[in-house]
Protein chains: 2
Amino acid sequence: MSSVTLPKVEPVPRMRAEDRRELVLTAATAVFGERGYVGATTDAVARAAGVSQPYVVRMFGTKEALFLEVLGRALERLIDSFTSAIDENPTATPEDLHHRIGAAYADLLMDRGLLLSLMHGFVLGADPVIGAAARSGFLQVYRLLRHRGGFSAKEAADFLAGGMLLNTLVGIRMADDIDDADARELIESVAPTKSELLVRLSRTRP
Amino acid sequence: MSSVTLPKVEPVPRMRAEDRRELVLTAATAVFGERGYVGATTDAVARAAGVSQPYVVRMFGTKEALFLEVLGRALERLIDSFTSAIDENPTATPEDLHHRIGAAYADLLMDRGLLLSLMHGFVLGADPVIGAAARSGFLQVYRLLRHRGGFSAKEAADFLAGGMLLNTLVGIRMADDIDDADARELIESVAPTKSELLVRLSRTRP
DNA sequence: GTCTATAGGGCGATAGAC
DNA sequence: GTCTATCGCCCTATAGAC
């Protein structure tokens, strides 16, 4: 009797490994962006992705490896997006390119976790593994602007500076203080054409 | 015999509470700057200050309260420093002031932990307590530039953008890649007059 | 004013079943 | 491919002695 093989329903939908991987990476990007590398738990990632905590670890080996993968993905999207903006406008002037790449950057902000995960990586430069990855990624972006985008050193630095301020305003959730006149002015002067977007994205509860 | 009161040597030097407090706050600033709010442990702070871990907690109540105190101190020094730069040059043009306050900012970088602790606070905007403190502090600086420094909205935003890039380069330890031509160029174009300082400060092992 | 000892909770990772 | 159970570490905070 106990040896009868019963038909079993799968309580959790199975997925191709690659699809599940994408799902977890997306969830991880959001969680790392919100809480940072150390503050994020593999359990929070697992919940956000609808899988068990040990499965997240099983998939990526360690939390550090997962974070590195998130960083790599974010960087890849950033580079792809900038590269497209550059290559689609081969005759653009530097100022023109600055605006176009800036627009591409603002589009990336749609995924708040993406840029914020990068930011969290940037402030962990003292970590031998994460710091090295962050430096390498930041330099890749600089090189892209400088050598493929034709930016001067100053133009590239100015562009990056604006990006860092934008990231900071999103990270700090400046739009939570949107009723404050100065906060509103700051947000609108940083992202004049995208301030609506920035406000939505930099709110604690979007 | 056992009731004889023996003279006792103090194994650990006693200090006035206020002095010890300063010592711990200085240590905490360095540790939080290096590892962030979550990554820093009260034990690491205690070791850096040469006291026991429970004593650190006893002094500030919680790790969160300690971090808030570090943030408050950092902000205070930033504001004081900017205010001095402004008030000492009442007839300076906006560009002039930009340079003078920029120089004051670079001086603050001498204490790497100071600005980096702030940066770690800035990316934790989602935290109800720390996020609120970080927003309030960031806005105070903006108001100072705008209303006491006489900066336009754009000038203030540009100044802050440069500051965020500077902080990021220090946080990411960009100078660890100083042998890379692009990294060197970026550092020198961001801090032309202070690149030596920036290099020293943004190295993992200073 | 400062320490030692330790409780208590959370988290990353492993083992192993299905 | 995915889960449950659980180990062992680390970390904050408390208790209490000196």
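Which atom of DNA strand D lies 3.1 Å from a polar side-chain atom of R14(A)? In this predicted model, the partner is a base nitrogen of the strand. Here a polar contact is a pair of N or O atoms within 3.5 Å; within protein, one must be able to donate a hydrogen and the other to accept it, and residues adjacent in sequence count only if both atoms are side-chain atoms. Because the model is predicted, local features need pLDDT of at least 70 and side-chain atom pairs count only at pLDDT 80 or more, while totals for chains, interfaces and linings use all residues. Residues are numbered from 1 along each chain as its sequence is written, chains are lettered from A and ligands numbered from 1 in the order in which they are written, and side-chain values use heavy atoms, with hydrogens and water left out.

The phosphates of DNA strand D take part as well. A polar backbone atom of M15(A) is 2.9 Å from a phosphate oxygen of the strand, and for Y55(A) a polar side-chain atom lies 2.6 Å from a phosphate oxygen. Two or more residues each are given to the surface near DNA strand D by α1 (17-39) and α3 (53-60) of chain A and by α3 (53-60) of chain B; helices (H or I, at least four residues) and strands (E, at least two) are DSSP runs, numbered from the N terminus. In total, 20 residues surround this DNA strand, the closest being M15(A), R20(A), S52(A), Y55(A) and T42(B), where near means that a heavy atom of the residue lies within 4 Å. Of the atoms of DNA strand D that come within 4 Å of the protein, 57% belong to sugar and phosphate. The surface near the strand comprises nine nonpolar, five polar and six charged residues, with Ala, Val, Leu, Ile, Met, Phe, Trp, Tyr, Cys and Pro counted as nonpolar, Asp, Glu, Lys and Arg as charged, and the others, Gly among them, as polar.

Helix α3 can be followed in both chains. In chain A it holds M59(A), which is buried at a relative accessible area of 19%; buried means under 20% relative accessible area, exposed over 50%, and partly exposed in between (1.4 Å probe, protein chains only). Leaving aside residues up to four places away in sequence, M59(A) touches R20(A), R21(A) and V24(A), contact meaning heavy atoms within 4.5 Å. In chain B, helix α3 contains P54(B), and this proline is exposed at 53%. Its C-alpha atom is separated by 47 Å from that of K154(B), 100 residues apart along the chain.

Turning to the protein pair, 42 residues of chain B are in contact with 42 residues of chain A. The two chains bury about 3700 Å² between them, 68% of it on carbon and sulfur atoms; buried area is the accessible area (1.4 Å probe) that two parts lose on being put together, summed over both. On the chain B side, V123(B), R135(B) and I172(B) lose the most area to chain A, together 18% of what that side buries. T168(B), in helix α8 (residues 153-171) of chain B, is buried at 2% relative accessibility. Not counting residues up to four places away in sequence, T168(B) touches F122(A), F138(A), M164(A) and M119(B).

Finally, how are the copies related? Chain B is superposed on chain A by a rotation of 180° with 0.0 Å of shift along its axis (RMSD 0.0 Å), using least squares on the C-alpha atoms of residues with pLDDT of at least 70 in both. The two copies are thus related as by a two-fold rotation axis. In chain B, A161(B) has the C-alpha nearest the axis, 2.4 Å from it.
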